[in-house]
Amino acid sequence: MLLRGLRIALFLLPLSLEAGEPQVFEFRLDNGLKILVQEDHRAPVVVSQVWYKVGASYEYEGITGISHMLEHMMFKGTQKHPPGEFSRIIAANGGRENAFTGQDYTAYFQMLEKSRLPVSFELEADRMRSLRLAEVEFAKEHQVVLEERRLRTDDQPRAKMQEHFDSVAYSNSPYKNPVIGWPEDVAGLTLEDLKTWYGLWYAPNNATLIVVGDVKPLDVLKEAKKAFGPLKPSRLPKLKSQAEVTQLGLRRLTIKVPAKLPHLVMGYKTPSLKTAADEKEAYALEVAAGILDGGNSARLSSRLVRGQQLAAAAGAGFDLSARLANLFTLEGTPVEGKTVDVLEAAFKEEIRHLQDERVTEEELQRVKAQVLASHVFQLDSTFYQAMQLGTFETVGLGWQKVGEYVNKVNAVTAEEVQAVARKYLVDEGLTIAHLDPQPLPEGAPQTDDAPLGGGHVR
Amino acid sequence: MSANLYLADSRLGLIALLLMFFSGTALAVPEIEHWTTSKGGRVYYVKTEGLPLVDVRMVFDAGSARDGRLFGLASLTSGMLDSGAGDWDADTIAQRLERVGAVLGTGASRDSAYLSLRSLSHPDKLKEALETLKEVVTHPTFEVKDFDRERNRVLLAIKQQGEDPSEIAEISFMNTLYGDHPYAHPSEGVRETVEKLTPDDLKAFHREKYTVRNSITVVVGNIDRLAAEALANDLLSGLPEGEVLPVLADPIERHEALTVRTPYPSEQTHIYAGVLGYRVNDPDTFPLYLGNHILGGSGLVSKIMEEVREKRGLAYSAYSYFLPMRVPGPFEIGLQTKNASAQEALDIAVRTVREFIEKGPSDQALEAAKKNIIGGFVLRLDSNQKLISEVAAIAFFQRPLDYLNTFTQKVQAVTREDIKRAFKARVNPDQLKTILVGASGEKPTH
């Protein structure tokens, strides 16, 4: 066994389900790479993900979007593999692959038939330390990312609204910047910027390798050690706190963009599980979100979409697994003939209900039954399981919290939900945005009679 | 063909070695059991173990291709099923499902309408979830107050399409390609027809289309055969036997090329171009599928992506696909690019398609595509969720029961010549219907 020089820890998650909870095996290589393995033998497949502790919330002003830009460049070749070869090798091995960047992480993944796992390891280890950042590839990919921004944000009224909302809701938290970056910042990124960013964050001691599938943990460890073991760790920058200042009163903004429908977004400053002084508060906020928007029987659907018929769509959300304090949000679209002001008042009325009255036992049981069931449903997806482990680990919560989730939610009481509603869902920490749709010029389609691609003189 | 396709570089010893053992993978294809109930309902069942959950999907030949002139009828009928059934209102239905953690979904595409239920397999929970599903599919009430509300929501959703250049382009593409055929209009309908719908229209549509003979039922999960039989019999027991609906007419291809430009104040121009493709069970299914995989169906490594994005940085997303349907579905090329690049990107994509049809794929490209599809086949079946989608497609389109078992052999058997011949016969680039929506919607001047 190749266990010498490795610290091995093995944890068992509590057995609370008839299916049996999946076991997670944790290893750490000498160079600091953390490895998490979860067995799932239902199909001969494996998902492999490499998570880096870097994302938009690690960026500072002027270089927003650099983590995402670098994610794109990670497919553009290393000293060993020319541009695009990573994708071609994975494809030739029957694999699917991609990557994603969030506020708190940058992650790369492959899904493969199980015997191909070493292919993924070899390629990921290679690009972890030996990326070749070349001007000619950067020039093209820079344009691709600008197109991505136009597609996902600039031409999407609600995405644009969200971007402006975040920039007002947060004062100094890096969550105020969009993951894809501000247009001017993205346009201004240079190859030198990317080289610096890559050098700062891409190292085994800043990464977690997650493997879920039809594998044996010790075999995974052996292969991982072969591929990643030789990589040198680096000295990581000490991350500044950047904790958001206390908000001192209601903030409002209006977003005027060409659109067909108005829209409302409201967000209350809340702690996340990571930042909460008492983690019970975070679980109680999670339940509060479920009371408002945990399905078709939840309050927003039942009361505002059906009962009062104010909203065509309405939702509430809370992100438990954020690295920094974030927002409890409500958003919705009023029905034809109702205004966003009316919907806003209705949302506030729902918040007041949460503060004034305890949620009923029936509602609480419904949320808990859904949490338990959706936990089982999620086990159907190896990818999702790896995602959860990766997120919790990378934001600094530790993967063990994934296994605690069902029990912690089960322990939440009606009093606790009321208490967090009174403490956090208050005007002092509230930001409200209205999308005020501006007229879209009605252009009539015109049909060319010229052959495709042919010039047409008017 | 050598196994180490991309590995001229000998430093990649490990990967070359793995590729050489490529063909040795045993495929774990689940066994699909199929039977017909005494009343004529077709049932498909796969037992899976390891997780305490059951998925049920009922599919009806009740998609928007059956709308007649009332565009949006199928979609609103499907959308209203869980808004009231028997003695239960929408709140009661939702509470019954959600208190046992079950999730019910409904929807309608052009070819079909479905109800999907995901539940824990715990007997009490599953029982309550199934009772609810049965009532929803059998006795929907379509009450006026629910109808008005849901129709207004659909009208708003249709209005919202007008702020999305991609939706505008897609609707325009299908309209242009299909003309008077029932695939031409969007499933959710258009304002003028949705405004005219009445609860009686929905009731009649439900009575005629949601019938036993017009249904398939798929059961996947931790449940044994006898229980699956009982489940299916019970679910179908309240539905009328009904009639199998007549087959749809084939769409008529317009032979001339057409370009439709719609001005829209967006940063990017959204471009779709295509022709009629093929129907499910077409004898050329595999050559066309494999050919498109190489041309525009395999993400970053496909030819269109290579030319438009990787070589020139002109788009974030660029692709092509065939959507096989009951009668020929579309072959479609899609991309979005900044307005100034619209014509250039379109020209490059079309040139790539032309060259592909002219020359066919290279041996290398074909071999790479086969490795990707065959080597990744297990990924199509690695969860109950994916499995039920595959089985539902087999069932609805009446593919052979051994479709999954023979899939990789059929992929393996495809030759360059097959692809070249099939593409030449099906995709004529001189007949493309091209849609551009964006601020470059002006005709080019020279």
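The talk below goes through how two chains, two domains and two sheets fit together.

Mentor: This is a predicted model, where local features need pLDDT of at least 70, side-chain atom pairs count only at pLDDT 80 or more, and totals for chains, interfaces and linings use all residues. Residues are numbered from 1 along each chain as its sequence is written, with chains lettered from A and ligands numbered from 1 in the order in which they are written.

Trainee: What makes a residue part of the contact of chain A with chain B, and how many residues does each chain give?

Mentor: Two residues are in contact if their C-beta atoms, placed from the backbone, lie within 7 Å. By that test, chain A gives 76 residues and chain B gives 79 residues. Elements with at least two residues on the chain A side include α3 (117–129) and α4 (135–154) of chain A.

Trainee: Which classes make up the side of chain A that touches chain B?

Mentor: There are 30 nonpolar, 23 polar and 23 charged residues. Ala, Val, Leu, Ile, Met, Phe, Trp, Tyr, Cys and Pro count as nonpolar, Asp, Glu, Lys and Arg as charged, and the others, Gly among them, as polar.

Trainee: Where do the bounds of the domains of chain A come from?

Mentor: They come from an automatic or database domain assignment. Domain 1 covers 7–228 and domain 2 covers 251–438. Their centres, taken over C-alpha atoms, are 27 Å apart. In chain A, 37 residues of domain 1 are in contact with 33 residues of domain 2. On the domain 1 side, α5(A) supplies the largest share, nine residues.

Trainee: Why is α4(A) called roughly perpendicular to α5(A)?

Mentor: Axes are lines fitted to C-alpha atoms, for helices over the stretch in contact, and angles run from 0 to 180 degrees between N-to-C directions. Angles under 35 degrees count as roughly parallel, over 145 as roughly antiparallel, 65 to 115 as roughly perpendicular and the rest as oblique. The angle between α4(A) and α5(A) is about 90 degrees, and their axes lie 7 Å apart. Therefore α4(A) is roughly perpendicular to α5(A).

Trainee: Which residues meet there?

Mentor: A:R152, A:T153 and A:D154 of α4(A) meet A:A159, A:K160 and A:E163 of α5(A). One is nonpolar, one is polar and four are charged.

Trainee: How do you know that β13(A) and β9 of chain B pair?

Mentor: Two strands pair if DSSP finds at least two bridges between them. Helices (H or I, at least four residues) and strands (E, at least two) are DSSP runs, numbered from the N terminus. β13(A) and β9 (residues 258–263) of chain B have three bridges, in the antiparallel sense. So they pass the test of at least two bridges. Within β9(B), B:V260 is the bridge partner of A:T447.

Trainee: What makes β13 of chain A an edge strand?

Mentor: First, the sheet. Its six strands run β13(A)-β9(B)-β13(B)-β10(B)-β12(B)-β11(B), an open sheet with mixed pairing. β13 of chain A pairs on one side only, as does β11 (318–322) of chain B. That is what puts them at the edges.

Trainee: How many bridges join β3 of chain B to β8 of chain B?

Mentor: Seven bridges join β3 (residues 53–60) to β8 (residues 215–221), and these strands of chain B run antiparallel. B:M58 has B:T217 in β8(B) as its bridge partner. Both strands belong to an open sheet ordered β1-β2-β8-β3-β7-β6 (chain B).
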